[in-house]
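Student: I've got a new structure open and want a quick tour. Can we go through it together?

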Amino acid sequence: MSNPLSERQFVLATDLDGTFLGGSAADRQALYDWIEAHRSSVGLVFVSGRDPAFIHQLCGSGEVPWPEYVIGDVGTTIAHVAPDRTIAPITDLERQIAERWRDGGDQVRSTLESAPGLTLQPTDFRYRVSYDYDPDQFDPTTTATVEAMGFDVLISDNRFFDVLPQGVSKGPSLLRLLDHLNIPQTRVLAAGDTLNDLSMLVAGTPAVAVGGSEPPLLSALPDAAHIYRAEGIGTAGIFEAIAHFELHPTPERV
């Protein structure tokens with residue numbers, strides 16, 4: 001895995017839940033084994049709502065391959081996986097994220113403390129505040145309240161409500177990482193399945209909404225040649241898209 005990602009034939013930038021962790025056990029293992037067998041030509045970037053601690057535990061368990069880079073916390077973390085498997089933030093890429101956040105966590109939590117339909121998640125993220133979301137109880141004016149404070153709102157999977165720095169999400173962070181690493185967008189496949197993946201699926205790289213994607217994501221995606229709607233669930237859909245875009249030779253079964 002020593003050669004830089006800019007020299008790899010193909011880079012997979014993938015969401016985790018429902019995407020890289022989705023599909024049958026056989027399909028997941030087939031993709032993971034294929035990646036490990038082609039590390040000299042295939043790069044792996046996780047682009048997830050999950051935090052680095054979760055990713056470290058997941059990969060450390062041996063369940064999935066280690067990525068070279070992590071875009072976590074819905075785009076508010078941009079990090080490199082070091083040789084010792086620590087996930088280290090890339091300061092130059094995160095500086096703008098921190099500036100836009102303005103240490104806003106306490107302000108957000110205080111303002112939304114009694115907001116109906118929102119239950120604060122216990123994890124103290126660095127540059128985001130996340131809630132469990134109940135659409136039946138939620139007051140839509142809460143979104144305007146957050147935006148008036150200068151932050152963005154992202155609702156995904158009809159059950160998560162994230163408050164993010166303005167203009168920061170998976171797509172912009174992925175593009176910043178690719179530019180930082182000198183990776184051509186044409187060599188990258190962005191893969192996702194929920195609305196918080198929308199910004200990376202429309203960012204301009206080849207992209208796939210895997211089978212089983214939530215309907216709001218599919219409705220929001222434009223009809224474009226670089227965006228593929230797969231039939232295969234999760235990892236099967238990733239394989240399907242790699243073959244569709246001819247990004248890398250794939251196993252015969254694809």
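Tutor: What follows is a walk through a predicted model, taken topic by topic.

Student: Pockets first. What volume does the largest pocket have?

Tutor: About 480 Å³.

Student: How many residues line the largest pocket, and which lie nearest its centre?

Tutor: The lining has 25 residues. Nearest the centre are Asp17, Gly49, Arg50, Arg128 and Phe160.

Student: Which elements give two or more residues to that lining?

Tutor: Helix 1 (16-20), strand 7 (129-133) and strand 9 (160-165).

Student: And how does the lining of the largest pocket divide into nonpolar, polar and charged?

Tutor: There are 10 charged residues, nine polar and six nonpolar.

Student: Now closed spaces. How many cavities of 30 Å³ or more does a search of the whole structure find?

Tutor: One. The volume of the largest cavity is about 30 Å³.

Student: Which residues line the largest cavity?

Tutor: Arg109, Leu120, Gln121, Thr123, Asp124, Phe125, Arg128, Val129 and Ser130. By class, that lining has three nonpolar, three polar and three charged residues. Arg128 turned up before: it is one of the residues nearest the centre of the largest pocket, and it also lines the largest cavity.

Student: Switching to Asp197. Where is it?

Tutor: Asp197 sits in the loop between strand 10 (188-192) and helix 8 (198-201).

Student: Is Asp197 buried or exposed?

Tutor: Asp197 counts as buried, because its relative accessibility is 0%.

Student: What does the side chain of Asp197 reach?

Tutor: The backbone nitrogen of Asp193, at 2.8 Å.

Student: Beyond residues up to four places away in sequence, what does Asp197 touch?

Tutor: Asp15, Lys170 and Gly192.

Student: Strand 10 came up there. What about Leu189? Where does it sit?

Tutor: Leu189 is in strand 10. It counts as buried because its relative accessibility is 0%.

Student: Which residues is Leu189 in contact with, leaving aside neighbours within four places?

Tutor: The list runs Phe10, Val11, Leu12, Ala13, Pro206, Ala207, Val208, Ile238, Ala241, Ile242, Phe245 and Leu247.

Student: How far apart are the C-alpha atoms of Leu189 and Ile71?

Tutor: They are separated by 15 Å. Along the chain, Leu189 and Ile71 are 118 residues apart.

Student: OK, helix 4. Which residues of helix 4 are buried?

Tutor: Helix 4 covers residues 91-101, and its buried residues are Leu93, Glu94, Ile97 and Trp101. They lie on the same side of helix 4, because they cover an arc of only 80 degrees around the axis.

Student: What is exposed on the other side of helix 4?

Tutor: Thr91 and Glu99.

Student: And what follows helix 4?

Tutor: Arg102, with a positive phi near 55 degrees.

Student: I'd like to check phi at Val74 and Arg85 too. What is it for Val74?

Tutor: Phi of Val74 is near 60 degrees, a positive value in a residue other than glycine. Val74 lies in the loop between strand 3 (69-72) and strand 4 (77-81). Its relative accessibility is 1%, so Val74 counts as buried.

Student: And phi of Arg85?

Tutor: Near 75 degrees, again positive in a residue other than glycine. Arg85 is in the loop between strand 4 and strand 5 (87-89). At 29% relative accessibility, Arg85 counts as partly exposed.

Student: Staying with strand 4, what does Val81 touch, not counting residues up to four places away?

Tutor: Val81, found in strand 4, touches Trp66, Pro67, Glu68, Tyr69, Val70, Thr86 and Ile87. The C-alpha atoms of Val81 and Tyr69 are separated by 5.5 Å, with the two positions 12 residues apart along the chain counted as their separation. Val81 counts as buried because its relative accessibility is 8%.

Student: Last one. Where is Ala224?

Tutor: In the loop between helix 9 (215-220) and strand 12 (227-233). Ala224 has 26% relative accessibility, so it counts as partly exposed. The C-alpha atoms of Ala224 and His38 are separated by 29 Å. Those two are 186 residues apart along the chain.

Note on methods: Residues numbered from 1 in each chain as written. Predicted model: local features only at pLDDT ≥ 70, side-chain atom pairs only at ≥ 80, totals over all residues. Heavy atoms only, no water. Helix = DSSP H or I, 4+ residues; strand = E, 2+ residues; numbered from the N terminus. Buried < 20%, exposed > 50% of the residue type's maximum accessible area, 1.4 Å probe, protein only. Polar contact = N/O pair within 3.5 Å; in protein donor to acceptor, adjacent residues only side chain to side chain. Contact = heavy atoms within 4.5 Å. 1 Å grid on protein atoms, 1.4 Å probe; cavity = no way out; pocket = protein on both sides within 12 Å on 5 of 7 lines; lining within 4 Å. Points joined across faces, edges and corners; volume = space filled by probe spheres on them. Nonpolar A, V, L, I, M, F, W, Y, C, P; charged D, E, K, R; others polar. Arc of directions from axis to C-beta.
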